[in-house]
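Got the viewer open? Let's take a walk through this one together, selecting a few residues at a time.

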Amino acid sequence: MTEISEANSTIFGEHVYVFDASMPMEAIQDKVTAIFQEMEANEFGPERYALLFKPGTYDILFDVGFYTQVAGLGRNPDDVLIEGGVNVPAYWMPNRNATCNFWRTLENFAVNASSATNDTTTIAVSQAAPIRRVHVKSSGGLWLFQVDPDTGAGGWASGGFLADSIVDHTILPGSQQQWLSRNNQYGSWANGVWNMVFVGDADGPSQDDFPTTPYTTIAQTPVIREKPFLYVNGDDQYEIFVPDLQHDTQGPSWAGGNDTPGRSISLDDFYVAQPAEATAARINEALGEGKNVLFTPGIYKLDDTLQVESADTVVLGLGQPSLVPTHGGSAICVADVDGVTIAGLIIDAGEVTSPSLIEIGPQDSSEGHEASPTVLYDLTVRTAGHCSNDCGITINSHNVIGDQLWLWRADHGDGAAWDSNPTKNGVVVNGTDVIIYGLFNEHHKEYQTLWNGNGGKLYFYQSEIPYDPPDQESWMCGSTNGFASYKVADTVTDHEAWGLGVYSYFRDSPTKLENAIEVPEAPGVKLHHLTTVWLTGTEGSEISHIINGSGGCVHANSPEEAMRQTMNEFPAA
């Protein structure tokens, strides 16, 4: 029997627990429960954890809090079974409100809920809480919200992401407002609220009744390389598995007992970064030697930009590590090369303004990368109080793929205010043929998304415009009220997007936004299933139009048409 004291004594440091099925289950239960108690309401704390499970069966039931990654270490999700339950509750907020349940990750394991949770797995989350390569066997299915026992109503939940997973029974979104489901398989999908997008799901639901049923369904995922993951091989050695690039896929990459195709990289080929010793200079030295980088949990203050210059480099985070540039530059710059992976990181703005926190390719990028694109997975780019940056992510290279990105100018927390945590844009896309699956982009002071490159494709958009303009005069684009959330540049001739939701809560003034979305009216520019919602706000505030002066105004909570407006196609079919 292996002692629980050995769980956090690996190469990954004391905040990574590697559990073995030979450890006493009661001791594992105590440890994961204690971590949840520490992290349940720890929204802006510095602590970070990864809970990793070697292949086997674990008779435990636990909840997952902030800045916690739960992952199996098998080659396939069914190699690790949590026989009892893994859940994300919303106990810490009133009325089981999950709209602040951010920054946690569930990956690469199977779960079978016990009768203690009514045989149901509950993952009540909002942004930056991805679920990947998970097999939910629970007979009660998967719930994406939590019921408030005092009222019997579903608590609010504000958007999430499920990919490359299997749910044997029903997925019940309940009060979950929006969701992206990509390359999944499930028994059934029960309902939707405002904007549910399905890309490459096996038997995804019909979109024919939009907007009454708020579904947008795309049969196949045009191109994706699933996120790399840590596992232990047959010799009990750690490796990183990098899935192959796939085209026109439907369903999970490992369905039917198949192995996800790809290649393994030995941990020996990684620089394993620890926050106490990993300086920007040391990380850049490792990158210059051709090493990949694995960030362990913690906060990394960077006095220089990390330069990723070699093709096929993997930069991967465990346990939601934060990178903070302190020098007024980017945290990460990627050269115009093939096949780079940036995954599982929080990029925090510093107190010195950065022009862009992540830059993919220099401004003069010109190479094509269709055969081996750079892919960005599970990234939060965050501008909290007393910090600033101009742009979150700037994409200059061509053929880049984004897969679950959250660009967030903080709307709450210490120092979050109009003048004290300014940003201009969340994402600026200059490269051609860029694809993003799941773009969550919120509260920036100009365009949330500015798309300058041709050939772009977007699948699912969730955007709250800024809450806090002090008055209309402070938020004007020339003579126009406000900045559109989703802006496609006038020079673009080819662009397509599916399932866009733009939401307003003008908390501090009766501000108006003229258009939620602005695009050039060109034959190659097409948008499908657009939604605007007035969440709440100061009387007199509104989103005047959905797109380019078309679509109705949202300005109140009732009647229904004053709160939500939709458009099936732009231009009209």
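Start by selecting isoleucine 28, which sits in helix H1, the stretch covering residues 25-39. This is a predicted model, by the way, so treat what you see as a prediction. Is isoleucine 28 buried or exposed? Its relative accessibility is 0%, so isoleucine 28 counts as buried. Now add alanine 7 to your selection and draw a distance between the two C-alpha atoms. You should get 9.2 Å between isoleucine 28 and alanine 7, which are 21 residues apart in sequence.

**Zoom out for a moment**

Show the whole chain as a cartoon. How many helices and strands are there? The count is 3 helices and 45 strands. The radius of gyration is 22 Å, close to the 25 Å that the globule rule gives for 573 residues, so the chain is as compact as a globular protein of that length. If you drew a box around the C-alpha atoms along the principal axes, it would be roughly 70 × 55 × 45 Å. Colour by burial if your viewer can do that: of the 573 residues in the chain, 62% are buried.

**A long stretch across**

Next, pick valine 70 in strand E5, residues 68-72. With a relative accessibility of 1%, valine 70 counts as buried. Then click on glutamate 309 as well. These two residues are 239 apart along the chain, and 31 Å separates their C-alpha atoms.

**Arginine 132 and its partners**

Now for salt bridges; the structure has 14 of them. Select arginine 132 together with aspartate 378 and show their side chains. They form a salt bridge, and their closest N and O atoms are 2.8 Å apart. Why does this pair tie together parts that are 246 residues apart in sequence? Because arginine 132 lies in strand E9 (residues 131-136), while aspartate 378 lies in strand E31 (residues 375-383). Arginine 132 and aspartate 378 are both buried.

Keep arginine 132 selected and add aspartate 403. Here is another salt bridge, again with 2.8 Å between the closest N and O atoms. This pair also links distant parts of the chain: arginine 132 is in strand E9 and aspartate 403 is in strand E33 (residues 401-409), 271 residues apart. Both arginine 132 and aspartate 403 are buried too.

For another salt bridge, go to aspartate 490 and lysine 487, whose side chains meet at 3.7 Å, N to O. Check how accessible each partner is. Aspartate 490 has 63% relative accessibility, so it counts as exposed. Lysine 487, at 13%, counts as buried.

Then return to arginine 132 and widen the selection to Glu107, Arg132, Arg182, Glu226, Lys227, Asp378 and Asp403. Salt bridges that share partners join these residues into one network.

**A negative patch**

Turn on the surface and select Asp78, Asp79, Asp168 and Asp259. What do these four form on the surface? They gather in a patch of negative charge. Take a closer look at aspartate 168, found in strand E12 (residues 166-172). Its relative accessible area is 36%, so aspartate 168 is partly exposed.

**Unusual backbone spots**

Hide the surface and look at the backbone. Most residues other than glycine have a negative phi, and most peptide bonds are trans. The next stops go the other way.

- Select phenylalanine 210 and proline 211: the peptide bond joining them is cis, with omega about 5°. You'll find proline 211 in the loop between strand E15 (195-199) and strand E16 (215-218).
- Move on to serine 558 and proline 559, also joined by a cis peptide bond, with omega about 0°. Proline 559 is in the loop between strand E44 (542-547) and helix H3 (560-563).
- Tryptophan 103 has a positive phi, near 55°. It lies in the loop between strand E6 (80-87) and strand E7 (104-113). At 0% relative accessibility, tryptophan 103 counts as buried.
- Finish at histidine 529, where phi is positive as well, near 65°. Look for histidine 529 in strand E43 (residues 524-537). Its relative accessible area is 5%, so histidine 529 is buried.

Key: Residues are numbered from 1 along each chain as its sequence is written. This is a predicted model: local features need pLDDT of at least 70, side-chain atom pairs count only at pLDDT 80 or more; totals for chains, interfaces and linings use all residues. Side-chain values use heavy atoms; hydrogens and water are left out. Patches are made of residues with over 30% relative accessible area and no salt bridge: like charges are joined within 9 Å, nonpolar side chains (Val, Leu, Ile, Met, Phe, Trp, Tyr) within 5 Å. Accessible areas come from the Shrake-Rupley method with a 1.4 Å probe; for residues, only the protein chains shown count as cover. Lys and Arg count as positive and Asp and Glu as negative; His and the chain ends are not counted. The place of a charge is taken as NZ of Lys, CZ of Arg, CG of Asp or CD of Glu. Helices (H or I, at least four residues) and strands (E, at least two) are DSSP runs, numbered from the N terminus. Buried means under 20% relative accessible area, exposed over 50%, partly exposed in between (1.4 Å probe, protein chains only). The radius of gyration is taken over C-alpha atoms; the globule rule is 2.2 Å times the number of residues to the power 0.38.
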